[in-house]
Amino acid sequence: MDCKFAQALEWQVGYSPDKSKAPSKFVPAQVPGAVQLDIAKAEKYPPYEYADNYKMFLWMEDRFYTYLSSFKKPVLEEFERVFFFSKGIDYEFEIYLNDKFIHQQEGMFTYVDIDITDFLKEENVLKIIVHPVPKMVKEPTDRSQAAHVVKPAVSYGWDWHPRLVPLGIWDETGLMVRNRSHLTDIYVSYELNNSLDKAFIQLQGEGRNVKGLTYSWTLKDQSGSTVLTQKGEIAADLFTGNPIVFDNPALWFPHDHGMPYLYTSHFELHDRSGNVIDAKSQKTGFKRVRLVMNEGAWKEPSTFPKTRSVPPAQFEINGKRIFVKGSNWVNPEIFFGTITRERYEELIDLAIGLNFNIFRVWGGSIINKESFHELCDERGILVWEDFPLACNNYPDDPHYLKILRQEATSIIKRLRQHPSTALWCGGNELFNDWSRMTDQSLPLRLLNSLCLELNPTIPFNATAPIMGMGHGHYLFVDFDGKTEVYKTINNARFTAYTEFGMPGMSPVEVLKKIIPAKDLFPPRDHTAWRDHHAYGAWVGDTWLSLNDIESYFGKAPNLETLVQQSQLLQSQGYKAIYEEARRQKPYCAMAINWCYNEPWAAAVNNSILAYPNIKKPAYDTISASCRPVLASARFSKFQWNEGEDFFADIYVLNDTFKEVPSLKISVKLKPAKGEEVIMKWESPVAEPNTNVAGPTVRFRLPYWEATDRFEVILDVEGHSEYSSSYILLYKPAFRANEGTRVLNM
């Protein structure tokens with residue numbers, strides 16, 4: 001919905017212990033924003049990102065908040081009405097105009113759109129009372145408190161997110177002056193035929209007082225030429241147009257497989273004299289998306305007793321199977337109201353640089369603002385959209401289901417118009433033992449039915465992971481202290497890897513902004529390092545995993561070295577998983593890591609970007625691993641010894657719709673000094689969207705002086721864009737006259 005506010009509103013906010021007591025004072029409020037930020041600014045709180053300052057906000061969870069705004073009655077024509085409109089108020093609230101109750105709502109994702117004309121005076125006071133943070137139980141103070149609400153569970157505390165639960169007006173809000181007859185929604189519904197050369201379109205619209213009026217609609221291509229038109233009379237406030245056949249539409253593809261082609265839909269509402277009284281323009285695109293069975297999945301299980309085969313996890317876009325590479329997207333700010341289009345744009349453009357073609361919008365987080373989806377449409381990024389359920393057992397009770405229906409309906413109707421929308425999902429990790437929901441749980445049955453009713457052309461999964469998909473691992477070395485990521489991923493076999501992580505420290509300059517100087521080095525538990533997720537975030541000493549770092553490199557002499565070592569493990573670990581997942585194609589069809597971004601500066605996280613959008617070194621290695629075509633090497637481990645037989649399997653990976661010709665590949669080892677060519681291979685032609693398995697290279701590692709690592713280079717003659725490199729550790733043999741060599745970066 002276009003937001004054209006008649007006048008800006010200035011807001012104040014105050015708080016009180018219960019609803020019956022008026023706040024003792026008010027402070028200026030930023031809208032969109034959050035009540036916590038307004039109070040912190042007024043009270044001159046120190047930055048919540050630093051040390052454990054975020055704990056100063058915790059008392060604010062249990063207060064009632066009152067927003068106030070005064071305004072003059074707008075000058076209206078006879079046919080005009082005034083509406084209070086908001087795209088998001090979090091979470092339960094009541095609205096009063098001149099002390100008259102006009103609206104109550106639970107739910108932050110359903111727009112507020114109220115005709116207030118008949119309640120207006122010349123001078124008016126608008127009041128919104130926001131209730132305290134909803135909590136199903138008093139203890140424990142964790143995500144389980146959100147198991148009865150359609151509110152992001154992440155805010156209640158996660159292994160990469162502090163406990164900070166936003167409240168308040170978090171999206172565009174104000175007064176709108178409209179004709180009494182106006183549009184509220186226009187949706188270009190369509191289906192493509194099997195040959196994808198015809199789109200069967202039906203306009204769906206909603207409005208107020210539009211019965212008996214007429215409309216005109218145009219569809220324009222990217223050059224601005226009109227390709228379709230329709231005119232008609234509106235029979236009811238909820239209406240559909242006559243069917244339209246669109247021949248040979250340009251199709252929307254993810255950016256790495258074609259052009260994300262967008263048309264412009266323009267709908268005009270006419271009064272009985274033919275005058276335009278309302279209009280809506282939006283971008284639309286034509287695609288067919290299906291989830292189909294992975295190659296070989298129907299053959300499993302192969303022996304009796306038998307059960308069902310694993311569900312489909314293979315994306316088919318416009319009739320072509322694609323391997324999706326991407327990341328789990330989380331809220332880019334702790335306080336959702338501060339997210340801007342510019343913030344989204346920076347992050348989405350960085351994802352294009354990673355060669356990603358999908359975001360899984362994780363269910364513990366928010367439903368993003370409209371600009372996120374617009375940018376994904378434009379940039380050609382597929383969006384897998386979780387509903388806001390995560391890691392809890394959400395109830396079957398009538399009240400929760402009522403709110404879930406309201407919120408899900410709003411979410412589906414808003415996002416279905418976007419060509420980037422590719423998959424609906426009930427939520428995160430709902431079939432695991434910490435959630436204990438099943439496909440018989442009423443919330444998931446409800447969500448499936450709503451998606452089928454409102455957006456049947458987009459596939460639906462109840463949760464992730466489902467049988468066949470994999471979540472994890474999230475460490476370079478498993479909890480046993482021995483099993484490295486190489487062995488874990490090489491021995492895995494899944495239709496999709498929809499979460500996998502690799503912890504890496506944030507850059508030194510970030511750490512200095514969030515951890516007091518006295519605690520910076522060496523890292524210690526029960527300091528700001530813990531508050532920023534280095535210790536006790538998940539299991540054991542995660543996410544820092546200092547014992548693992550020291551087992552490879554010894555004790556670091558300074559913070560800079562420690563950060564480099566941690567980031568090296570993250571870089572090479574992610575490289576191993578992304579490329580191995582691709583090598584397991586066609587049975588495997590997805591590689592989506594945990595996670596892409598972060599909402600505040602973590603000391604250590606599985607994220608590729610440090611807050612707000614700082615590339616970790618893993619960014620470049622992941623970008624290389626996700627190129628559409630590359631030479632790839634599979635390793636069995638990270639550390640190799642002098643005199644040991646080094647070996648690696650060589651591949652050509654091709655995710656494009658084009659044939660890759662024979663390539664001449666040289667495998668080189670490069671220690672600190674010199675370089676050795678240990679094999680040359682001329683690959684066969686790689687068919688479209690097909691990998692080629694090559695030979696295994698073997699080489700007895702010699703003595704290399706003054707190094708604890710070496711680079712493996714796959715040099716593709718004449719196609720440097722396909723070449724690859726990897727870093728592995730090297731341990732020289734013990735020499736009595738020198739002692740054991742342990743080198744740091």
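This is a short dialogue on reading contacts in a predicted model.

Visitor: Where do I start with charged side chains? How many salt bridges does the whole structure hold?

Guide: Look for a positive side chain meeting a negative one. A salt bridge pairs a nitrogen of Lys or Arg with a carboxyl oxygen of Asp or Glu. A search of the whole structure finds 46 salt bridges.

Visitor: Show me one. Which side chain meets lysine 135 at 2.8 Å?

Guide: Glutamate 61 does, in a salt bridge with 2.8 Å from N to O. Now check where the partners sit. Lysine 135 is in the loop between strand 9 (123–130) and strand 10 (168–169). Glutamate 61 is in the loop between helix 1 (35–42) and strand 3 (64–72). The two are 74 residues apart, so this pair links distant parts of the chain.

Visitor: Is glutamate 61 buried or exposed?

Guide: Compare its relative accessibility with the cut-off. Buried means under 20%. Glutamate 61 has 6%, so it counts as buried. Lysine 135 has a relative accessible area of 27%, so it is partly exposed.

Visitor: Which aspartate forms a salt bridge with lysine 135?

Guide: Aspartate 62 does, and the closest N and O atoms are 2.9 Å apart. Aspartate 62 lies in the loop between helix 1 and strand 3, so this pair ties together parts that are 73 residues apart in sequence. Aspartate 62 counts as partly exposed, at 40% relative accessibility.

Visitor: What about helices? Where are glutamate 374 and arginine 341?

Guide: Glutamate 374 is in helix 3 (residues 370–379), and arginine 341 is in helix 2 (residues 341–353). They are 33 residues apart. Their side chains meet in a salt bridge of 2.9 Å, N to O. Glutamate 374 is partly exposed, at 30% relative accessibility. Arginine 341 is partly exposed too, with 30%.

Visitor: Which residues join arginine 341 in a network?

Guide: Follow the shared partners from bridge to bridge. Arg341, Glu345, Asp349, Glu374, Glu378 and Arg379 form one network.

Visitor: Now rings. How many aromatic pairs does the structure hold?

Guide: It holds 55 aromatic pairs. Read each by its centre distance and the angle between planes. Take phenylalanine 359 and phenylalanine 372: 6.2 Å centre to centre, with 40° between the planes. That pair is tilted.

Visitor: Where do these two phenylalanines sit in the chain?

Guide: Phenylalanine 359 is in strand 24 (residues 358–361), and phenylalanine 372 is in helix 3. They are 13 residues apart. Phenylalanine 359 is buried, at 0% relative accessibility. Phenylalanine 372 is buried as well, with 0%.

Visitor: Which cluster includes Phe359 and Phe372?

Guide: Ring pairs link them with Trp329, Tyr344, Phe356, Phe500, Tyr574, Tyr578 and Tyr596.

Visitor: What lies over the face of tyrosine 726?

Guide: Here you look for a charge above a ring. Lysine 575 lies over that face, at 4.9 Å from the ring centre. In another case, arginine 698 lies over the face of phenylalanine 647, at 5.3 Å from the ring centre.

Visitor: One last stop. Where is proline 46, and what does it touch?

Guide: Proline 46 is in the loop between helix 1 and strand 3. Leaving out residues up to four places away in sequence, proline 46 touches Asn53 and Met56. At 34% relative accessibility, proline 46 counts as partly exposed. Proline 443 is 397 residues away along the chain, and the C-alpha atoms of the two prolines are separated by 41 Å.

Methods. Residues numbered from 1 in each chain as written. Predicted model: local features only at pLDDT ≥ 70, side-chain atom pairs only at ≥ 80, totals over all residues. Heavy atoms only, no water. Salt bridge = Lys/Arg side-chain N within 4 Å of Asp/Glu carboxyl O. Helix = DSSP H or I, 4+ residues; strand = E, 2+ residues; numbered from the N terminus. Buried < 20%, exposed > 50% of the residue type's maximum accessible area, 1.4 Å probe, protein only. Contact = heavy atoms within 4.5 Å. Phe/Tyr/Trp six-rings, centres within 6.5 Å; stacked < 30°, edge-to-face > 60°. Lys NZ or Arg CZ within 6 Å of the ring centre and 35° of its normal.
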